[in-house]
Amino acid sequence: MTTADPAGPGRGLVLPRYEQATDTHPPLSSPDYRSTALRAPARPLVPLPQGLTEVTGPLLGPGLVTADDADLTRGHRGEPLGERIIVTGRVLDSGGRPVPDALVEVWQANAAGRYAHAVDQHPAPLDPNFSGGGRCLTDSTGRYRFVTIKPGAYPWGNHRNAWRPAHIHFSLFGRAFTQRLVTQMYFPSDPLFPFDPIFNSIPDPKARERLIATFDMDTTEPDWALAYQWDIVLRGRTATYFETGDEQ
Ligand SMILES: [Fe+2]
């Protein structure tokens, strides 16, 4: 399939294509993760062609995201309770190329395992100094960096005595909408890993391990914060398609 759009204003423009999802992703229906039964499509997905919109957006200027957005411990009257941590890593594509200017958004529970959200009625305390949302853009080397507090585990009602391992939710927009990834970062040596149907919905054990951050002594700040490192790989571009000039 050509990626040129013969009918549009970019007639003759050759666009990059982005690889399709790999088998490292969890199946859309995972019976042990009960709510997937309600939202997983019953029929095969219909792949949409990648057009100009999908492979050129989003374009996010640095003026929309401020440095304070990456520090989840600020913006309130006081400091949040919990273990202050720095979370950093690089965003790469599957060809190993850094992805600069990618919008990285995070959301998480507080140190007690409670989200600042009306739907979360877990009887753990809210923290008036922690909302749990942040964002940043990757720098020219593809690096992101957040300051936050380590989230707590929380119960979630999937089955009797179900608890989520501590995690931070991530959403990433790369160079293109077709690179968007929504995922979760976990912390090393969490005793809840063997019991979590979401973590274990990923079939490949090596893919599960790639969701676990590593403790990063080099990034810790003395008397202030511990640190974790976690790299993220988005879809890469496939080989550039070249028109031969004799195509219709
Ligand atoms: Fe969560």
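The paragraphs below go from the nonpolar core to one strand within it and then to a group of charged side chains.

This is a predicted model, in which local features need pLDDT of at least 70 and side-chain atom pairs count only at pLDDT 80 or more, while totals for chains, interfaces and linings use all residues. Residues are numbered from 1 along each chain as its sequence is written, and side-chain values use heavy atoms, with hydrogens and water left out.

The largest nonpolar core (buried Ala, Val, Leu, Ile, Met, Phe, Trp, Tyr and Cys residues joined through side-chain atoms within 4.5 Å) has 34 residues, of which Tyr144, Phe146 and Phe170 touch the most other members. Among the strands (DSSP runs of E, at least two residues, numbered from the N terminus) that each supply at least two residues of this core are S1 (84-93), S4 (143-149) and S7 (167-173).

In strand S7, 7 of the 7 residues are buried (under 20% relative accessible area, with exposed over 50% and partly exposed in between, for a 1.4 Å probe and protein chains only), so S7 is largely enclosed by the rest of the structure. Its two faces are both covered, with His167, His169, Ser171 and Phe173 on one side and Ile168, Phe170 and Leu172 on the other.

Asp93 forms a salt bridge (a side-chain nitrogen of Lys or Arg within 4 Å of a carboxyl oxygen of Asp or Glu) with Arg175, the closest N and O atoms being 3.7 Å apart. This pair links distant parts of the chain, since Asp93 lies in strand S1 and Arg175 in the loop between S7 and S8, 82 residues apart. Salt bridges that share partners join Asp93, Arg97 and Arg175 into one network.

Key: Helix = DSSP H or I, 4+ residues; strand = E, 2+ residues; numbered from the N terminus.
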